[in-house]
Amino acid sequence: MKKQFFTFALAFACLAASGARPATDGDPIAAAYAGIYSAGGGGDPMGGVNLILSPDHVYAFTFFGGISVGTWKTFENYVILQPDTTANEDFYLFGLQSDTVSGVALQFDGFTDKPAKYRFDDDPQEVMHPVFNPDPNYLSYPYRIRFAAGEHRQVELVSFVDLEWHDYPEPGEEYTGTVYTFTLDPELNDFKLWQVVPQVPLTPILGVIKGGELYVDGHLIDRRRGWDEVEADEREFMEQVALAISQPLISKHFGSMDEDGNWVEVPYPVIPYTKKEVRTVRFDNNNLFEASEEQYEDLYNDPTPDFQPYQEPEEATVKKGKRDRQIRKNNYL
């Protein structure tokens, strides 16, 4: 389990370009605090909350399903964790040319965590649309649309990631926010849109040292092992984190199951946004994807003979305004 976790975490750390960091060997403060800390889970990175402090003042705060990385320092009886904010855009677009994709495929990742609105350049109305229905659940990843080459040249996006749910504007209301415009390169046909929803605040995290013990957010984080007891794969992981932080995002790994049931990950290069501007937009309630209990039941009870539970039918209809779009979906991961 531990090896699987660090395989995932290494992939995360390798999202950015590599860059050297100065070594701090012989730092007595780093030597005193470097090691692996844990709140629950017995120190296994797959269980509970874990904090790794390396001697070169790089940290990784890991928890099941997520990770925060950055730099750390001490001040009096405090340990200050400063999250890396390099990948701090609301959206990123990735793409490549794939021989296995018919037409053009555009996948939406992270859009179920926070509402977001989109609009294609060929939309006849200056109105943006929700990507998902309100409070999406019963998710069948991945959510992908397919269209003919040249049908859409650009996609615009606006996020509510900084808003609380009670501040979300209603359909028809005007909203002033940051609008991203991405160009869909005609030389590519496999695109991934990623909405970034921080799993932890990007503000500094404060740890307090009391009686030689570390408390983070009021919770005791036990020091399980000193740095001299850290295993080789854990050291390698932290080395990759050190190379990745403060570096521009150049790619992201996306995975899927192959025909033999193996999980295969492929790095997709980043495509810079064409434009980023603050402007006022309007939107309707014509969501692109439906992820609800009713839809899940419809899929589960599909009478198609070759349909199996926990799989999506080969074709699914996604409503977009007054027109229907036939999209092709992959099987459940």
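Student: Leaving aside its neighbours within four places in sequence, which residues is Leu193 in contact with?

Tutor: In this predicted model, Leu193 is in contact with Tyr92, Leu93, Leu106, Gln107, Phe108, Asp109 and Phe111, and also with Val155, Leu157 and Phe182, once neighbours within four places in sequence are set aside. Each of these counts as a contact because heavy atoms of the two residues lie within 4.5 Å.

Student: What makes Leu193 stand out in the largest nonpolar core?

Tutor: That core has 26 residues, and Leu193 is listed with Leu106, Phe108 and Phe111 as those with the most contacts inside it. Membership requires a buried residue of a nonpolar kind, joined to others through side-chain atoms within 4.5 Å, so a residue such as Gln107 or Asp109 can touch Leu193 without being a candidate for the core.

Student: Which elements give two or more residues to this core?

Tutor: They are strands E6 (91-96), E7 (104-109), E8 (116-120), E10, E11 (154-159), E12 (174-183) and E13 (190-195).

Student: How do you know where the edges of the sheet with the order E10-E7-E13-E6-E18-E17 are?

Tutor: This open sheet has 6 strands with mixed pairing, and its edge strands are E10 (143-147) and E17 (251-257), each of which pairs on one side only. Neighbouring strands here are turned by 30 degrees against each other on average, direction ignored.

Student: Why are E17 and E18 called paired?

Tutor: Pairing asks for at least two bridges between the strands, and 7 bridges join E17 to E18 (residues 263-271), so the requirement is met. The two strands run antiparallel, and one of their bridges sets Ser251 against its partner Pro269 in E18.

Student: Why is one side of E9 and of E19 left without a neighbour in the sheet?

Tutor: In the open sheet of 5 strands with the order E9-E8-E11-E12-E19, the pairing is antiparallel. Strands E9 (129-130) and E19 (275-282) stand at its edges with a single partner strand each, and therefore one side of each has no neighbour in the sheet.

Student: What makes E11 a paired strand towards E8 and towards E12?

Tutor: Since two bridges are the least that pairing needs, the 5 bridges between E8 and E11 satisfy the rule, as do the 5 bridges between E11 and E12. Both pairings are in the antiparallel sense. Towards E8, Lys117 has Val158 in E11 as its bridge partner, and Tyr118 stands opposite Leu157; towards E12, Glu156 is partnered by Thr181. E11 is also mostly covered, with 5 of its 6 residues buried.

Student: Why is Ser38 counted as buried or exposed?

Tutor: Ser38, which has its place in strand E1 (residues 35-39), has a relative accessibility of 0%, and because buried means under 20%, Ser38 is classed as buried.

Student: What makes the approach of the Ser38 and Asn50 side chains a polar contact?

Tutor: The two side chains are joined at 3.3 Å, and the limit for a suitable pair of N or O atoms is 3.5 Å, so the distance falls within the cut-off.

Student: How do you know whether Met238 is buried or exposed?

Tutor: Met238 lies in helix H3 (residues 232-244), and its relative accessibility of 3% is under the 20% limit, so Met238 counts as buried. Not counting residues up to four places away in sequence, Met238 touches Ile52, Ser54, Val58, Tyr59, Ala60 and Trp227. Met238 and Ile52 are 186 residues apart in sequence, yet their C-alpha atoms are 8.1 Å apart in space.

Student: What makes E2 and E3 a hairpin?

Tutor: Strand E2 (residues 49-53) is joined to E3 by 4 antiparallel bridges, with 4 residues between the strands, and in the turn His57 has a positive phi of about 65 degrees. Across this pair Leu53 stands opposite Tyr59. E3 (residues 58-63) is mostly covered, 5 of its 6 residues being buried, and E3 also pairs with E4 (residues 66-75) in the antiparallel sense over 6 bridges, where Ala60 has Val69 as its bridge partner.

Notes
Residues are numbered from 1 along each chain as its sequence is written. This is a predicted model: local features need pLDDT of at least 70, side-chain atom pairs count only at pLDDT 80 or more; totals for chains, interfaces and linings use all residues. Side-chain values use heavy atoms; hydrogens and water are left out. Axes are lines fitted to C-alpha atoms, for helices over the stretch in contact, and angles run from 0 to 180 degrees between N-to-C directions. Buried means under 20% relative accessible area, exposed over 50%, partly exposed in between (1.4 Å probe, protein chains only). A polar contact is a pair of N or O atoms within 3.5 Å; within protein, one must be able to donate a hydrogen and the other to accept it, and residues adjacent in sequence count only if both atoms are side-chain atoms.
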